[in-house]
Every structure is written in structure tokens, then in C-alpha cells.
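The exercises below are meant to be worked through with the sequence and the 3D structure side by side. Try each task before reading its solution.

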Amino acid sequence: MKVSITTLVENSLGENTQLEAEHGLSFYIEAGDASFLFDTGSTEIFLRNAKRLGIRTEAVDSVFISHGHYDHSGGYKAFVEHAGKRATNLFVRPGFFDRKYGFRVTGEAFLGNAFSKEEISGAGVAVHEIEGDAKEVFPGVYSVTGFERTCPFEHINQRFVVERNGGREVDDFSEEQVLVMKTMKGLVVVLGCSHPGVVNILEKVKHVFDEPIHAVIGGTHLVEADPARIERTTDYLLEQKIPHVMICHCSGGPEHLKGLISRMGDVYRPVHTGTVLTF
């Protein structure tokens, strides 16, 4: 199966200065005969960029959102409005609609979705809360979740909390999903933010599919990682001999990742708004 991934929005701009960047992530993916969105950025910018890139989002009827944070779901209401009366599908995992918050020294911030399940269902969206650790949604396209926390250096970030079971608790991001697509060269893994840990995620993918991983694309949330964790993550990625590591968004900038970038050499490739990847 051939796969093409167009970065509709990411934190940084690439060579195409006609586009706009923001803190967020959105990919337009063509996989075999299927086409769909993975995440929708923070605002409607991804729709404007798609138009500039000649991508007809009015023909897209399926959207995956990796997890319930605003920088991945924030543009979704604009997509629904753009779709009008057209029937569309939203693929998420149970827990996606829970209210989420984050804490910094400046205080508490709401980080969750700007819409409820009832609101978008009333707008003609079919909401699919996918069950099971691995589910084939389109031929050769799988939603994967259920990431066991086995990596000793990937810990739950205590500053993220969620409203659940009548109270608040530390967010384990049990609803986070990644996409895995089968190509002739191996598996292509698309990440949202990797809050459960990129190592934990890739170990799950290896366990489920028992096939070589050809490429890893998306956010790894290494932006909050210390140098020791970045070094150990780099060790892991090199040990796995993954041909293409294309991390972006919440992974941190070139200075933060300079050790990883230096050690990975040609394996590493930056991803910016407008980047197109084909497999």
C-alpha cells in the first residue's frame, strides 16, 4: 500500500512561506484508496493551509484525533462547520471527551476539547469510540492504543490532570491512539503527542504487528524531557534500526534535540508545516 502524509500544520514553517504555522499538529493522509485527517491543530489554520496546498478537505469525511488536547482537536469544530450538512466520521478512543487540565507555575489551564460529544453528534458527525487495543479502520490502516508503561525512563507527567470518576486524577492518557499503516517497506507509525511515551508506544506496535517499523512520524513530547531521557530515547531508536525518524510538534526544537539529531544522522528528518512524506 502506498502512503502519502501532508503536514497541514505544525509548530514551524518549512520552505513554503505562503502557509501558516501554530502550536498544533494536523496531517492529511492518503493510504491506498482511503484519505483522512489525523488531528486538526489548534485552530482552523489547517483548513486554510490545505486550500493553499490544493487539498480538497470538503471531500474528506473521516477524522482521527489522537487525544483530547486542544492543540490536536482545536480545529475540529471548524472542520465540522466546513463540512456543512455532509455526513462525517470522527474516530477517537474512550475517554477522549473527558475534561483535561494542565498546571504550570502560573496556575491551571484548561487544555481539553472545545466541543462535547453531544454537540458534534447533533451536527451530523458519527462519533466512533474505537474499542480494543488494535483496530483496522481502513484496509491496512490501524488505530492502536493500550500502551503498557514498561519503559523505566518514561514516567507519567504529574502536571496533566483529567476529570474522571467524579473527581480529578493524574491523566494517564489512556485515550491516546496512534495510527499504524502497512506499506511494502514496513510499518509507518503516526504519533500525536506520545504522552504514554514514544518507547512504550513503539514497543506496543512491535508486539501487535511483529513487522519491521519503517518510519515514525509526529510528536514525541520530548520537549519536557531532560537530556538523560533524550539520550536514552535516542539509544532506543538507534537500537531499533528504524530507517526514518521524523519527529516534530511537541518533540522540541533543534537546539533541544541537538544530541538526538547529531547521533541519528540521515535517519532523522525534520517535519514542518507543508512537509510531504511518501512511502
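**Exercise 1. Find how S6 and S7 are joined, and place them in their sheet.**

Solution. Begin with the two strands themselves: S6 and S7 run antiparallel and are joined by 4 bridges, where strands are DSSP runs of E with at least two residues, helices are runs of H or I with at least four residues, and both are numbered from the N terminus. Two strands count as paired if DSSP finds at least two bridges between them. One of the bridges can be located by residue, since Gly-102 has Ala-109 in S7 as its partner. Next look at the connection, where 2 residues lie between S6 and S7, which form a hairpin.

Before going further, note that this is a predicted model, in which local features need pLDDT of at least 70 and side-chain atom pairs count only at pLDDT 80 or more, while totals for chains, interfaces and linings use all residues. Residues are numbered from 1 along each chain as its sequence is written, and side-chain values use heavy atoms, with hydrogens and water left out.

Now widen the view to the sheet, an open one of 4 strands in the order S7-S6-S11-S12 with antiparallel pairing. Its edge strands are S7 (107-110) and S12 (167-170), each of which pairs on one side only. From one strand to the next the twist averages 30 degrees, with axes taken as lines fitted to C-alpha atoms (for helices over the stretch in contact) and angles running from 0 to 180 degrees between N-to-C directions. To finish, follow strand S11 (residues 160-164), which pairs with S12 in the antiparallel sense over 4 bridges, and find Val-161 opposite Val-170 in S12.

**Exercise 2. Trace the sheet of 7 strands and the helices that lie on it.**

Solution. Read the order first: this open sheet runs S8-S5-S4-S3-S2-S1-S17, and its pairing is mixed. Strand S8 (125-129) and strand S17 (276-278) are at the edges and have a single partner strand each, so one side of each has no neighbour in the sheet. Neighbouring strands here are turned by 20 degrees against each other on average, direction ignored.

For a parallel pair, take strand S4 (residues 62-64) and strand S5 (residues 88-92), which are joined by 3 bridges, with Val-63 standing opposite Leu-90 in S5. Then turn to the helices. Helix H1 (residues 45-52) packs on the sheet and touches strands S1 (3-9), S2 (26-31) and S3 (34-38), its direction making about 125 degrees with that of S1; contact here means heavy atoms within 4.5 Å. Helix H3 (residues 76-83) lies across S3, S4, S5 and S8 and runs at about 160 degrees to S5.

**Exercise 3. Check the length of helix H5 and describe its surroundings.**

Solution. The expected span of a helix is 1.5 Å times one less than its number of residues. Helix H5 (residues 198-209) has 12 residues and should therefore span 16 Å, in agreement with the 16 Å between its end C-alpha atoms. Its buried residues (under 20% relative accessible area, with a 1.4 Å probe and protein chains only) include Val-198, Val-199, Leu-202 and Phe-209. Among the elements covering the buried residues of H5 are strand S10 (141-144), strand S15 (213-219) and helix H6 (227-240).

From helix H6, pick out Tyr-236, which counts as buried because its relative accessibility is 9%. Leaving aside neighbours within four places in sequence, Tyr-236 is in contact with Val-199, Leu-202, Glu-203 and Lys-206. The side chains of Tyr-236 and Glu-203 are joined by a polar contact of 2.6 Å (a pair of N or O atoms within 3.5 Å; within protein, one must be able to donate a hydrogen and the other to accept it, and residues adjacent in sequence count only if both atoms are side-chain atoms).

**Exercise 4. Locate an aromatic pair that links distant parts of the chain.**

Solution. The structure holds 13 aromatic pairs, counted where ring centres of Phe, Tyr and Trp (its six-membered ring) lie within 6.5 Å, with planes under 30 degrees apart called stacked, over 60 edge-to-face and the rest tilted. Phe-97 and Phe-115 form an edge-to-face pair, 6.4 Å centre to centre with 80 degrees between the planes. Phe-97 lies in the loop between S5 and strand S6 (100-104) and Phe-115 in the loop between S7 and helix H4 (117-121), 18 residues apart.

Conventions. Buried means under 20% relative accessible area, exposed over 50%, partly exposed in between (1.4 Å probe, protein chains only).
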